[in-house]
Amino acid sequence: MKNFIPLVLLLSIFAACEDKDAQEGSLSLQFQLTYDGEPLAMYDEQAYADNQSIFFDRFNLFLSNGNLIKDGTENFAFDVLFLNFSDIQDKDSAEKGLEVLLTDIQAGEYTALELGIGLAPEWNATTPEDYSSSHPLSNNYWSQWDSYIFTVIEGKADPDGDGMHDVALTYHIGKDENFYPRTFAMPITIEGGKTTSFQFTLDLKEVFENAEGSLDVAANPVDHSTKPEVYEFLMENLVETLKLKQL
């Protein structure tokens with residue numbers, strides 16, 4: 001006798017799938033790196049303070065513990081994201097940026113998105129050996145710190161304006177004290193079977209400059225989370241310059 005699935009059962013399966021689609025949607029988070037408000041590609045020369053110039057050739061960042069807030073309750077969105085902009089080396093790629101698609105999100109009206117810039121302590125207490133090679137936390141770990149490197153910013157500067165970018169810049173920031181939670185309060189609607197899109201922008205000029213001044217890159221070209229006046233300046237600016245808007 002041939003195997004068969006009763007029509008009633010088939011209809012039940014289809015109804016269950018349709019019901020799930022109606023209850024869950026997707027959230028597209030797009031990330032664009034900028035400099036002075038314009039999309040930034042690696043190696044593009046940029047004006048810096050006091051008639052200097054600068055370019056970046058590597059930038060990456062961990063985000064963790066993403067939640068959508070509804071009625072004061074946290075609803076899981078993501079655990080850890082690793083954003084690597086280092087391969088964005090042309091205008092089109094810079095315009096497009098990076099995209100992370102979060103699926104199976106309960107449909108509904110949310111009032112905020114919260115996340116951590118860097119790795120929350122429970123993630124930072126782990127090591128790459130705890131994960132498969134495809135996991136975001138399988139790399140970017142510094143055993144001397146017992147910590148992941150939350151963000152890497154590298155490039156070169158021309159402090160004396162002679163046209164030669166001969167000062168190598170290396171900023172590696174990690175350790176638990178450099179984890180910053182942030183809440184973006186705004187209405188977020190997730191519709192069943194549909195994708196809602198938001199964009200984060202992060203301006204590297206604002207990471208290196210704020211209302212009080214700019215980082216003296218000639219005097220401080222390298223820091224591995226050893227000088228608070230350098231890593232706190234950069235990380236606190238990074239937290240402030242991260243902006244979110246709906247597309």
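Student: What share of the 247 residues of the protein chain counts as buried?
Tutor: This is a predicted model, in which local features need pLDDT of at least 70 and side-chain atom pairs count only at pLDDT 80 or more, whereas totals for chains, interfaces and linings use all residues. Residues are numbered from 1 along each chain as its sequence is written, and side-chain values use heavy atoms, with hydrogens and water left out. A residue is called buried under 20% relative accessible area, exposed over 50% and partly exposed in between, with a 1.4 Å probe and protein chains only. By that cut-off, the buried part of the 247 residues comes to 47%.

Student: What part of the exposed area of the protein chain do carbon and sulfur atoms supply?
Tutor: Accessible areas come from the Shrake-Rupley method with a 1.4 Å probe, and for residues only the protein chains shown count as cover. The C-alpha atoms fill a box of roughly 85 × 40 × 35 Å along the principal axes. The protein chain exposes about 12800 Å², of which carbon and sulfur atoms supply 49%.

Student: How many helices and strands are there in the protein chain?
Tutor: Both are DSSP runs numbered from the N terminus, helices being H or I with at least four residues and strands being E with at least two. On that basis the protein chain has five helices and 16 strands.

Student: What span does helix 5 reach from its first C-alpha to its last?
Tutor: The expected span of a helix is 1.5 Å times one less than its number of residues. Helix 5 covers residues 228-241, and its buried residues include Tyr231, Phe233, Leu234 and Leu238. For its 14 residues the expected value is 20 Å, and the helix comes close to that with 19 Å.

Student: Which kind of aromatic pair do Phe31 and Phe200 form?
Tutor: Rings of Phe, Tyr and Trp (its six-membered ring) pair if their centres lie within 6.5 Å, and planes under 30 degrees apart count as stacked, over 60 as edge-to-face and the rest as tilted; by this rule there are 12 aromatic pairs. With centres 5.1 Å apart and planes at 5 degrees, the rings of Phe31 and Phe200 are stacked.

Student: How far apart in sequence are the parts that Phe31 and Phe200 tie together?
Tutor: Phe31 counts as buried at 4% relative accessibility, and Phe200 likewise counts as buried at 0%. Phe31 lies in strand 1 (residues 24-35) and Phe200 in strand 12 (residues 195-203), so the distance in sequence is 169 residues.

Student: Which residues form one aromatic cluster with Tyr35?
Tutor: Tyr35 and Phe56 make a tilted pair, with 6.2 Å between centres and 45 degrees between planes. Tyr35 lies in strand 1 and Phe56 in strand 4 (residues 52-70), so this pair ties together parts that are 21 residues apart in sequence. Tyr35 is buried at 4% relative accessibility, as is Phe56 at 1%. The cluster joins Tyr35 with Tyr48, Phe56, Tyr171 and Phe208.

Student: Which residue in helix 4 forms a salt bridge with Asp36?
Tutor: A salt bridge is a side-chain nitrogen of Lys or Arg within 4 Å of a carboxyl oxygen of Asp or Glu, and the structure holds three of them. In this one the closest N and O atoms of Asp36 and Lys205 are 3.7 Å apart. Asp36 lies in the loop between strand 1 and strand 2, and its partner in helix 4 (residues 204-208), so the pair ties together parts that are 169 residues apart in sequence. Asp36 counts as exposed at 52% relative accessibility, and the partly exposed partner, at 22%, is Lys205.

Student: Is Glu154, the salt-bridge partner of Arg58, buried or exposed?
Tutor: The side chains of Arg58 and Glu154 meet at 3.4 Å, N to O. The pair links distant parts of the chain, with Arg58 in strand 4 and Glu154 in strand 9 (residues 147-158), 96 residues apart. Arg58 is partly exposed at 29% relative accessibility, whereas Glu154, at 17%, counts as buried.

Student: What is the value near which phi of Tyr43 lies?
Tutor: Tyr43 has its place in the loop between strand 2 (38-39) and strand 3 (46-48), and it counts as partly exposed at 46% relative accessibility. Its phi is positive, in a residue other than glycine, and lies near 75 degrees.
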